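Open the model in your viewer and keep the sequence beside it, since this tour moves from one selection to the next.

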Amino acid sequence: LNRRLAEFGTTIFAEMSALALSTGSINLGQGFPDTDGPEEIREAAVRALRDGRGNQYPPGPGVPELRTAVAAHQQRRYGLAFDPDTEVLVTAGATEAIAAALLGLLEPGDEVVALEPYYDSYAACIAMAGGRRVPVTLRPHEGAFRLDLDELRAAVTDRTRLLLINTPHNPTGTVLTRQELTAIAELAVERDLLVVTDEVYEHLVFDDVEHVPLATLPGMRERTVTIGSAGKTFSFTGWKVGWVTADGPLVSAVRTAKQYLTYVASGPFQYAVAEALRLPDAYFTAFRDDLRAKRDLLSAGLTDAGFTVFRPAGTYFVTTDIRPLGEADGLAFCRALPERAGVVAIPNAVFYDRKEAGAPYVRFAFCKRTEVLADAAERLRRAFT
Ligand code: PMP
Ligand code: GLN
């Protein structure tokens with residue numbers, strides 16, 4: 001293994017999902033739904049396969065039907081106009097979009113300011129691109145992990161090339177407010193920075209919380225690369241369909257890198273996702289309402305079991321603090337949890353450079369059937385009370 005990747009072993013998701021299987025535990029670790037997305041969209045994929053659409057290499061930027069649907073979605077939801085031919089790129093999931101954006105935009109030695117904790121592929125992709133990551137730590141404040149805007153400002157240097165943002169945020173469930181995003185936008189304009197914004201959980205916001213796409217703020221459309229995913233929005237994580245929307249020159253840079261990663265992927269599924277993006281608002285509302293109920297069920301169970309719960313405003317993850325249980329090391333806790341309780345979770349520390357800042361936090365996914373969540377909550381209650 002080369003020096004760039006020396007610090008990266010097996011991803012925590014592979015380790016913890018294997019542990020769930022070998023111990024027969026309920027897997028609330030890796031974030032994937034245990035119910036597939038809409039039947040009619042699965043039918044659309046079957047039709048595409050049967051009718052020979054996408055069984056051979058699709059066009060490099062993605063099939064026109066999907067690029068048009070992505071552009072229409074950004075227009076309908078956010079009032080953002082993108083040219084489907086030059087400003088939309090289909091990728092092999094958001095994972096490839098992140099990799100291609102960093103590989104296509106960074107020069108070796110460039111600094112990337114990223115919110116910590118960060119989704120694990122960010123660090124590895126910054127490293128592969130020869131960049132240097134500079135974490136800005138989200139810290140607990142009044143029941144949620146919040147961004148310190150002064151710390152963000154202080155992290156930007158003359159070597160900073162881009163900001164890497166994620167809202168709604170995995171693993172904390174924080175949704176950046178319009179005010180926070182405006183401050184990020186002002187900083188980006190002032191210091192002439194690009195922003196890559198991972199908005200894969202854009203539809204998963206609860207109560208009256210609003211998801212504000214960074215690209216909608218003044219001065220941002222031309223400097224923002226926005227990333228979406230059908231895995232999250234339609235519960236098809238195995239299809240690996242993601243997308244990028246940005247100004248033409250930025251999409252062109254991302255596309256150049258993407259060509260040499262996968263070239264293309266997921267042919268027939270691209271047609272099905274094009275249909276999914278045109279589902280009526282009722283689909284998105286029902287999806288959100290269902291997850292809100294699941295959030296509340298699991299949060300109540302975790303609270304009863306003695307965890308401190310950071311009630312998430314978005315995503316399908318809930319971060320907890322294990323210190324009230326007399327524990328301090330989340331990684332050790334998660335490795336022991338299957339034996340102790342028959343449940344698998346993810347230690348947030350793996351998403352931190354400053355490991356000690358993340359040590360006492362543990363993430364549980366609630367994108368699971370109600371009876372599975374109730375069973376997990378009961379197991380945790382029995383193990384800890
Ligand atoms: N970004 C974030 C914040 C995620 O949580 C995930 C999925 N865990 C991804 C990107 C990757 O998405 P995809 O499955 O579409 O590659
Ligand atoms: N995004 C999912 C999570 O955060 C897992 C993705 C993966 O397994 N790489 O749990």
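Begin with ligand 1 in this predicted model, and select the shell of residues around the ligand, which divides into three nonpolar, nine polar and one charged. Of the 13 residues around ligand 1, those that come nearest are Gly93, Ala94, Thr95, Ser229 and Gly231. Now select helix α4, residues 93–105, which gives the shell around ligand 1 its largest share, three residues.

Next, select strand β8, residues 194–198, and ask whether its residues are buried or exposed. Five of the five are buried, so β8 is largely enclosed by the rest of the structure. Show the side chains of β8 as well, and you will find Leu194, Val196 and Asp198 pointing one way while Val195 and Thr197 point the other way. This fits a broader pattern, because side chains in a regular strand alternate between the two faces of the sheet.

Keep β8 in view and add strand β7, residues 160–166, which runs parallel to β8 and is joined to it by five bridges; within this pairing, look for Leu162, which stands opposite Leu194 in β8. To follow the chain from β7 to β8, select helix α7, residues 178–190, through which the chain crosses in a right-handed β-α-β crossover.

Finally, add strand β9, residues 224–229, which pairs with β8 in the parallel sense over four bridges. Here Val196 of β8 is the residue to pick out, as it stands opposite Val225 in β9.

Methods. Residues are numbered from 1 along each chain as its sequence is written. Chains are lettered from A and ligands numbered from 1 in the order in which they are written. This is a predicted model: local features need pLDDT of at least 70, side-chain atom pairs count only at pLDDT 80 or more; totals for chains, interfaces and linings use all residues. A residue is buried if 20 or more other C-beta atoms lie within 10 Å of its own, exposed if 12 or fewer, and partly exposed in between; C-beta atoms are placed from the backbone. Helices (H or I, at least four residues) and strands (E, at least two) are DSSP runs, numbered from the N terminus. Two strands pair if DSSP finds at least two bridges between them. A crossover is right-handed if, with the strands pointing away from the viewer, the path from the first strand over the helix to the second runs clockwise. A residue is near a molecule or strand if its C-beta atom, placed from the backbone, lies within 6 Å of it. Ala, Val, Leu, Ile, Met, Phe, Trp, Tyr, Cys and Pro count as nonpolar, Asp, Glu, Lys and Arg as charged, and the others, Gly among them, as polar.
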